[in-house]
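This report is written for a reader who has not met this structure before. It takes up cavities, cores, one histidine and the contact between chains.

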Amino acid sequence: MTDKNSDKEFKVKVGAKSRTIHVDYLARVEGEGSLYIRTKGDRVEEVQLKIFEPPRFFEAFLRGRELADAPDITARICGICPIAYQTSAVNAIENALGLNIPEYIQQLRRLIYCGEWIESHTLHVYMLHAPDFLGYPDAIQMAKDHSITVKKGLRLKKAGNEIVRLLGGREIHPINFKVGGFYQLPKKADLLKLREHLLEARDDAQETVAWVNKFNFPLLEKSYECVALSHPNEYPMARGHIASSSGLKIEVADYEKHFEEVHVERSTALHSKMKNKGSYLVGPIARYNLAQEKLSPIVKEMIRTIGFEKKCVNPFRSIIIRALEILYACDEAIRIIDAYDSEKRPACVPIVKRDATGFGASEAPRGLLYHRYHLDKNGLIQDAKITPPTSQNQKTIEEDLHDYVSGNMSMPDEELRWKCEQAIRNFDPCISCSTHFIKLQRINE
Amino acid sequence: MSNPLVIGLGNPFRGDDGAGWAVIDALKGKVPADVKLCKLSGDIAELIDVFANHSTVYLIDACYTDSLSGSWQRIDARLHPIPLDTPQTSTHGLSVSQAIDLAKAFNQLPAKLIIYAISGDQYNMCSTLSAPVAQVIGIVAQNILNEEDIRICTKKA
């Protein structure tokens, strides 16, 4: 969708037995990154997803700020997934304060989170990823031939916007989230008006699943270590503990005992890895592979109708899972609205400040988003740690690229470059989210 | 044929980005009831729906240009392409030019779409316009009042 293609420098050096693919500026991903692949003979020698967007220092901004500022400051990390940042922030701070959040507030948080999934996934499916599969450089070119389809995408995104606007006060960087609940609860009558649009959106979402299911998918099979939130009754979204496909089951508070971030020279975003294991995957495929039985009946019926696999191992097919999650989010939003009867109840629970550390996580559209805060007795943030999904997926993205190029060495360079960029977009990476931190090391000589 | 719509686009809490809203404020009480005024911010993609429902649209927005702050241009969007944001700042939202291109692709661009682009130079967090931009708000508003469609509505009223 962007015009970054025009700035792109695509270098292919063909030596006697080696070639280099270098895309100086990745298009249709958020933020500033590049791709470098070097092969020799039949082997891929080097794959680098380079992230050169300047660090944004959000964790440093948070130090010394009131705990109430955390959801509003961290929301600014991302324009498309502010609810994820707000949810993980309040989950962590409420954990530190030992708050017990009533179920009706938890359900409203899930509702606004549904709005964000609809917004974000729809943007990615229609505007950023579908052009890859249909052979267009961007969504505007695609819209010239597929106007009805792209209009459907914009209509769907608007339904997500409406949820976030109603519950959050505005669709971008909403302002109604607070530690302990919300500033204001929605009126049932307003939610019922929204419900009418969501019924249409759910139909659009079903058609979206059917549409993307017809795409031709490049072949790549991966055996991912999937990591996602897990909850006894809910498809992963706004709360839960952490689970993995190899059987890890931990509290969010133990995240840093099992996962670590390392700095690599080529990236201003830290790379995450599972301790003693290495790369892992967060996001739609991980959620689906770990928790598909928690999807609603209408989504399960759609999965049966299109014959979608029980375990997704091809990252290019993540676009189908995103579409299924859009359908789920529409359906789940309708369910929550139907059950809502709490407009006269308190919008939040009172808080008592204390010196404590808290841990929180939620499922951003792109995957697990972890926050940790240490608060002093006055409620001031002393330390903050934020691990966004794109950081966690970086190593896996590079491994996917390695495997895809290794299996397609005979592919013409231009086609291979296109497919490599498409492989990166499988993850819907948000580089701007991932580059919020850098370690400064002083060396005394 | 729908009544003319005048849209002020922007964020009044980001300095000169509030120019579009300021023009709408300047027009209040001066246009007949047939002329609709509205302020928009947020998801620019929603402009496409607005375009679909109106045949005459005036859109006022702040812009970056090489021109002096406070200078302004009147652009007929059906005749002249609107430059892309350079550099494109985000894939997480559409720019005005992308919204116009998409509306064109959908064949739902208004029969008349006029853009008033006001050059600003300070977009930091404040709710005031810079002096050069504040000085042209009234001039741009007057130019809109002088547009033929608006004058026809005024005469009818």
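## The cavities and their lining

Helix H9(A) contributes three residues to the lining of the largest cavity, and this is the most that any element gives. The model is a predicted one, and the cavity in question holds about 90 Å³ of space. It is lined by 14 residues, of which Leu281(A), Ile285(A), Ser318(A), Asn426(A) and Phe427(A) are the closest to its centre. Two elements, helix H9 (284-291) and helix H11 (318-339), both of chain A, each give two or more residues to this lining. In all, three cavities of 30 Å³ or more are counted.

The make-up of the lining of the largest cavity, by class, is set out below.

| Class of lining residue | Number of residues |
|---|---|
| Nonpolar | eight residues |
| Polar | four residues |
| Charged | two residues |

## A buried histidine

His129(A) has its place in helix H4 of chain A. Is this residue buried or exposed? His129(A) counts as buried because its relative accessibility is 0%, and the cut-off for buried is under 20%. When its neighbours within four places in sequence are left aside, the residues in contact with His129(A) are His124(A), Ser318(A), Ile319(A), Arg322(A), Gln422(A), Arg425(A) and Asn426(A). Two of these contacts, Ser318(A) and Asn426(A), also appear among the residues closest to the centre of the largest cavity. Ala286(A), by comparison, lies 157 residues from His129(A) in sequence and 19 Å from it in space, taken from C-alpha to C-alpha.

## The nonpolar cores

In soluble globular proteins, nonpolar side chains tend to be buried together. In this model the largest nonpolar core has 152 residues, and the members that touch the most others are Leu111(A), Met127(A), Leu198(A), Phe308(A), Leu324(A), Tyr373(A) and Leu102(B). Helix H4 of chain A (residues 103-134) supplies the largest share of this core, with 16 residues. There is also a second core, separate from it and made up of 24 residues, including Val6(B), Val35(B), Val140(B) and Ile150(B).

## Where the chains meet

How many residues of each chain are in contact with the other? On the side of chain B there are 21, and on the side of chain A there are 29. Between them the two chains bury about 2000 Å², with 63% of this area on carbon and sulfur atoms. Within the part that chain B buries against chain A, Thr91(B), His92(B) and Phe106(B) supply 37%, which is more than any other three residues.

Methods
Residues are numbered from 1 along each chain as its sequence is written. Chains are lettered from A and ligands numbered from 1 in the order in which they are written. This is a predicted model: local features need pLDDT of at least 70, side-chain atom pairs count only at pLDDT 80 or more; totals for chains, interfaces and linings use all residues. Side-chain values use heavy atoms; hydrogens and water are left out. A nonpolar core is a set of buried Ala, Val, Leu, Ile, Met, Phe, Trp, Tyr and Cys residues joined through side-chain atoms within 4.5 Å. Buried means under 20% relative accessible area, exposed over 50%, partly exposed in between (1.4 Å probe, protein chains only). Helices (H or I, at least four residues) and strands (E, at least two) are DSSP runs, numbered from the N terminus. On a 1 Å grid over the protein atoms alone, a cavity is a set of points where a 1.4 Å probe fits but cannot get out, and a pocket is an open set with protein on both sides within 12 Å along at least five of seven lines; lining residues have an atom within 4 Å of a point. Grid points are joined across faces, edges and corners, and a volume is the space filled by probe spheres set on the points. Ala, Val, Leu, Ile, Met, Phe, Trp, Tyr, Cys and Pro count as nonpolar, Asp, Glu, Lys and Arg as charged, and the others, Gly among them, as polar. Contact means heavy atoms within 4.5 Å. Buried area is the accessible area (1.4 Å probe) that two parts lose on being put together, summed over both.
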